[in-house]
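Let's walk through this protein together, with the model open beside the text. We will start at the surface and work inwards.

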Amino acid sequence: MSTFTIFLVLIVVVAFLLIVVIMVQNPKGGGLSSSFGGGGSQQIGGVKKTTDFLDKSTWTLSALMLVLILLSNVAINRGTGTLESKALDTESMSQPLPTAPAAPATLPVDPTEDAAE
């Protein structure tokens, strides 16, 4: 298994975890934190700590995904193949450019054209 494949699997796992963490949150403050009895009763860990955990895990997973994507760019196999770019091909730059012919090409004249006028 190549390094790029490992990075690809890690990116997919982090993306799935990030989706789960974002879906658990409620934009109005409900979400997972309100399901733990946000009615004012004393909780183990408290509602505020649940919201902080979800917020920190969202930022951590998104930063981890960014780092994995950047590192996977380094791990891409760039072997020599037929898909190489020819934009910076130095061999073709050293070859002389074709020159234009010295005299312009002339078309053959049809003698019947002049007689018809």
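A good place to begin is a nonpolar patch on the surface, about 430 Å² in area, to which Val 9, Val 13, Phe 16, Leu 17 and Val 20 contribute. Take Phe 16 from this group: you will find Phe 16 in helix α1. Phe 16 counts as exposed because its relative accessible area is 54%, and the cut-off for exposed is over 50%.

Before going further, please keep in mind that this is a predicted model. The average pLDDT of the protein is 75, and 56% of the residues reach at least 70. Where is confidence highest, and where is it lowest? Helix α1, residues 3-24, comes out highest with a mean of 92, while helix α2, residues 31-35, comes out lowest with a mean of 56.

Now for the overall layout. The protein has five helices and zero strands, so reading from the N terminus on gives α-α-α-α-α. There are 117 residues, and 14% of them count as buried. The accessible surface amounts to about 10100 Å², with 67% of this belonging to carbon and sulfur atoms.

Let's move inside. Which residues make up the largest nonpolar core? There are ten: Phe 7, Ile 11, Val 14, Leu 18, Val 21, Leu 54, Leu 61, Met 65, Leu 68 and Ala 75. Helix α1 and helix α3 (46-75) each supply at least two residues of this core. As a general background, nonpolar side chains in soluble globular proteins tend to be buried together.

We can follow this core residue by residue, beginning with Phe 7, which sits in helix α1. Is Phe 7 buried or exposed? Phe 7 is buried, because its relative accessible area is 16% and the cut-off for buried is under 20%. Leaving out neighbours within four places in sequence, Phe 7 is in contact with Leu 68, Leu 71, Ser 72 and Ala 75. Look also at Phe 7 and Asn 73: they are 66 residues apart in sequence, yet their C-alpha atoms are 9.4 Å apart in space.

Next comes Ile 11, also a residue of helix α1. With a relative accessibility of 15%, Ile 11 therefore counts as buried. Beyond neighbours within four places in sequence, the contacts of Ile 11 are Met 65, Leu 68, Ile 69 and Ser 72. Between Ile 11 and Met 65 there are 6.1 Å from C-alpha to C-alpha, although 54 residues separate them in sequence.

Val 14 is another member of the core. If neighbours within four places in sequence are set aside, Val 14 is in contact with Leu 61, Leu 64, Met 65 and Leu 68.

The view from the other side starts at Thr 58, in helix α3. Thr 58 has a relative accessible area of 17% and is therefore buried. Not counting residues up to four places away in sequence, Thr 58 touches Leu 18, Val 21, Ile 22 and Gln 25. Of these, Leu 18 and Val 21 are residues of the nonpolar core.

Finally, step back to the contacts of the whole protein. Among those between residues at least 6 apart in sequence, 70% join residues at least 24 apart. The pair Ile 11 and Met 65 makes a handy illustration, being in contact while 54 residues apart in sequence.

Terms used: Residues numbered from 1 in each chain as written. Predicted model: local features only at pLDDT ≥ 70, side-chain atom pairs only at ≥ 80, totals over all residues. Heavy atoms only, no water. pLDDT = per-residue confidence, 0-100. Helix = DSSP H or I, 4+ residues; strand = E, 2+ residues; numbered from the N terminus. Core = buried A, V, L, I, M, F, W, Y, C linked by side-chain atoms within 4.5 Å. Buried < 20%, exposed > 50% of the residue type's maximum accessible area, 1.4 Å probe, protein only. Contact = heavy atoms within 4.5 Å. Areas by Shrake-Rupley, 256 points an atom, 1.4 Å probe, with all protein chains shown as cover. Patch = residues over 30% accessible without salt bridge, like charges linked within 9 Å, V, L, I, M, F, W, Y side chains within 5 Å. Salt bridge = Lys/Arg side-chain N within 4 Å of Asp/Glu carboxyl O.
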